[in-house]
Amino acid sequence: MIVLLQVDNLVVNYGVINAVKGVSFKINQGEIVSLIGANGAGKTTILKTISGLLKPQSGKIIYQNKEIQSQKAPKVVAEGISQVPEGRHVFSGLSVMENLQMGSFLERDRNQIKQRFAEVFDRFPILKQRKHQDAATLSGGEQQMLAMGRALMANPKLILLDEPSMGLAPIFINEIFDIIKEINQQGTTVLLIEQNAKKALSIADRGYVLATGSVQMSGTGEELLANREVQKAYLGG
Amino acid sequence: MDTLFQQIINGLSLGSIYALLALGYTMVYGIIKLINFAHGDIYMLGAFWGYYVINTWHFNFISALLSAMVVGAASGVIIEYFAYRPLRHSPRITALITAIGVSFFLENGMSYLFSSNTRDFPQIIKQVNYHIGGVLISNIQVLILVTACALMVLLQLIIKKTKMGRAMRAVSVDADAAELVGININWTISFTFALGSALAGAAGVLIGLYYNSIDPLMGMTPGIKAFVAAVLGGIGSVPGASVGGFLIGILETFVQSIGLSAYKDAVVYFVLIVILLILPAGIFGKNVKEKV
């Protein structure tokens, strides 16, 4: 198996708080890897560090045999890693179409952009219907789809999803997880962060359990789902 | 009735200058939440540049205007790079005080280098007055209005239709998310300063033509009035800044026309106080989606 991303002994401070204390994990090409853990475990911090929004104190992030821990976000996007941030963060005031255009900001080839539009609209038909609408007027689920569509417009090799199910109605949650599986089947590697551990582990190839800034456990999605401690701590019994 | 129309014409000419300046305030505020108090001084630099190139190199109006826009844009970008960028993550008050410092630096630096005398702005375009139904309108007023409106339309096109314009709007609503799609934040902020300051440079040349005199402190009062215009329109709103600029210009000329010239500045500041009390978000303030 080819390792796409390797995180090595990552330490990240948030101001004076030591949010991530020496975390290591890897993502193989084609996998869905899930990081689960309670609030404050450092999940989002790890994601923001990978995508270049935060700088690590020490440790390495190796992507396709290249160290990227000191690269800024736009460079990381150009390398093929797109993040869908927690809470969607669609651009309000910009139309759905414009939001998607922003997603392929770094792509110069118009034909490529056209083709990605077709793919994204194919995957999210609702976005096509609403393409001229202000992104702020979409429902939570639709905004999540827009945020994912926007990330896909960059044609990433690795997509980082931060709490995609947060605040969504159950029907949307199922839909979103189905879409994640589909995206993965079409060749995009996925790093998924979730508080909805059950859902996340059920679609993940492998998972890591984080608590207070370090990895407590790891295994395949099934193993972790079956694990007593994981069940007790994160799956409600 | 004729006086009314006359004052509206005069007010629109003056107002279009305020509008050009207010756009710079509002765009910079939209993107980095800074009231750039040095903005009025870029307008002064534009006027001085126009004065210099027309006198020394015998530029015509168009080339003086365009080159002043380039000089304005360059000064805006340089000021942002050296004065505001190092303070990007400081408290907002720090950047605000720095902006006032930059303003003093430019005003006094220009006074020191080129003396604080008032100069006559060269009249490259001969003034011709037209009488239209009892209203007196000069070709310079028409030129100012047309130029200002053309620049505003151009700005609107840049913001709405170009990739950089979309990037500006994206950064102003959500800088982190903008970075995550690959937008270079520093570049976009520089671009915003360049656009706003180019308009200020243009306004400097236009006011030189209109009022015929320039001096190193000329940017102070119009700068603050344009700031009031931006607040009136709703700071952060691009259409708001244009509307606010025209309203302030018209208000000022009306106050003058009823014989209260001495109070024309006071009235504008009074408007600021009233707006902050009654309508703090400004006319277009609710319309957050137009924010840049």
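Start in chain A of this predicted model. Select Val11(A) and Ser58(A): the two are bridge partners, with Ser58(A) sitting in β4(A).

**The four-stranded sheet of chain A**

Widen the selection to the two strands around that pair. Strand β1 (residues 3-14) of chain A and strand β4 (residues 58-63) of chain A run antiparallel and are joined by 5 bridges. Further along, Val7(A) faces Ile61(A) of β4(A).

Now follow β4(A) to its other neighbour. Strand β5 (residues 66-67) of chain A is antiparallel to β4(A), with 2 bridges between them. One pair to pick out here is Tyr63(A) with Lys66(A), the latter in β5(A). The connection between these strands is a hairpin with 2 residues between β4(A) and β5(A). Select Gln64(A) in that turn; its phi is positive, about 50°.

Show the whole sheet next. It is open and antiparallel, made of 4 strands in the order β2-β1-β4-β5 (chain A). Which strands stand at the edges? They are β2 (17-28) and β5 of chain A; each has a single partner strand, so one side of each has no neighbour in the sheet.

Add helix α1 (residues 43-50) of chain A to the view. This helix lies across β1, β2 and β4 of chain A, and runs at about 115° to β1(A).

**The six-stranded sheet of chain A**

Move to another sheet of chain A. This one is also open, with 6 strands in the order β6-β7-β8-β3-β9-β10 (chain A), and its pairing is mixed. At its edges are β6 (81-84) and β10 (214-220) of chain A, each with a single partner strand, so each has one side without a neighbour in the sheet. On average, neighbouring strands here are turned by 15° against each other, direction ignored.

For one pairing in detail, select β6(A) and strand β7 (residues 158-162) of chain A. They pair in the parallel sense over 4 bridges. Within this pair, Ser82(A) stands opposite Ile159(A) of β7(A).

Two helices can be added to this view. Helix α7 (residues 170-185) of chain A lies across β3 (32-36), β7 and β8 (189-194) of chain A, at about 155° to β8(A). The other, α6(A), lies across β6 and β7 of chain A and runs at about 170° to β6(A).

Stay with helix α6 (residues 140-152) of chain A and select Leu152(A), which belongs to it. Is Leu152(A) buried or exposed? Leu152(A) counts as buried, because 23 C-beta neighbours lie inside 10 Å and the cut-off for a buried residue is 20 or more. Add Ile183(A) to the selection: it is 31 residues from Leu152(A) in sequence, and their C-alpha atoms are 9.0 Å apart.

**Where the chains touch**

Display both chains. How many residues does each chain bring to the contact? Chain A gives 23 residues and chain B gives 17 residues. On the side of chain A that touches chain B, α2 (73-79) and α3 (96-103) of chain A each supply at least two residues. Coloured by class, that side of chain A shows 13 nonpolar, 7 polar and 3 charged residues.

**Chain B**

Continue into chain B. An unreviewed UniProt entry lists residues 12-37, 57-83, 95-115, 135-159, 191-211, 226-254 and 266-285 of chain B as "transmembrane region". Select two of these spans in turn. Residues 191-211 of chain B are 100% helix and 0% strand, with end C-alpha atoms 30 Å apart. Residues 266-285 of chain B are 65% helix and 0% strand, and their end C-alpha atoms lie 24 Å apart.

Next, select Tyr25(B), found in helix α1 (residues 2-32) of chain B. Tyr25(B) is buried, because 30 other C-beta atoms lie within 10 Å. Leaving out residues up to four places away in sequence, Tyr25(B) touches Ile35(B), Asn36(B), His39(B), Ala226(B), Phe227(B), Ala230(B) and Ala241(B). For a residue elsewhere in the chain, select Gly133(B): it is 108 residues from Tyr25(B) in sequence and 37 Å away, C-alpha to C-alpha.

The last stop is the largest nonpolar core, which has 159 residues. Which residues have the most contacts inside this core? They are Leu20(B) and Ala202(B). Centre the view on Leu20(B): apart from residues up to four places away in sequence, it touches Ala148(B), Leu151(B), Leu199(B), Ala200(B), Ala202(B) and Ala203(B).

Key
Residues are numbered from 1 along each chain as its sequence is written. Chains are lettered from A and ligands numbered from 1 in the order in which they are written. This is a predicted model: local features need pLDDT of at least 70, side-chain atom pairs count only at pLDDT 80 or more; totals for chains, interfaces and linings use all residues. Two residues are in contact if their C-beta atoms, placed from the backbone, lie within 7 Å. Ala, Val, Leu, Ile, Met, Phe, Trp, Tyr, Cys and Pro count as nonpolar, Asp, Glu, Lys and Arg as charged, and the others, Gly among them, as polar. Two strands pair if DSSP finds at least two bridges between them. UniProt positions are given in the numbering used here, feature names are shortened, and annotations may be inferred rather than shown by experiment. A residue is buried if 20 or more other C-beta atoms lie within 10 Å of its own, exposed if 12 or fewer, and partly exposed in between; C-beta atoms are placed from the backbone. A nonpolar core is a set of buried Ala, Val, Leu, Ile, Met, Phe, Trp, Tyr and Cys residues joined through C-beta atoms within 7 Å. Axes are lines fitted to C-alpha atoms, for helices over the stretch in contact, and angles run from 0 to 180 degrees between N-to-C directions.
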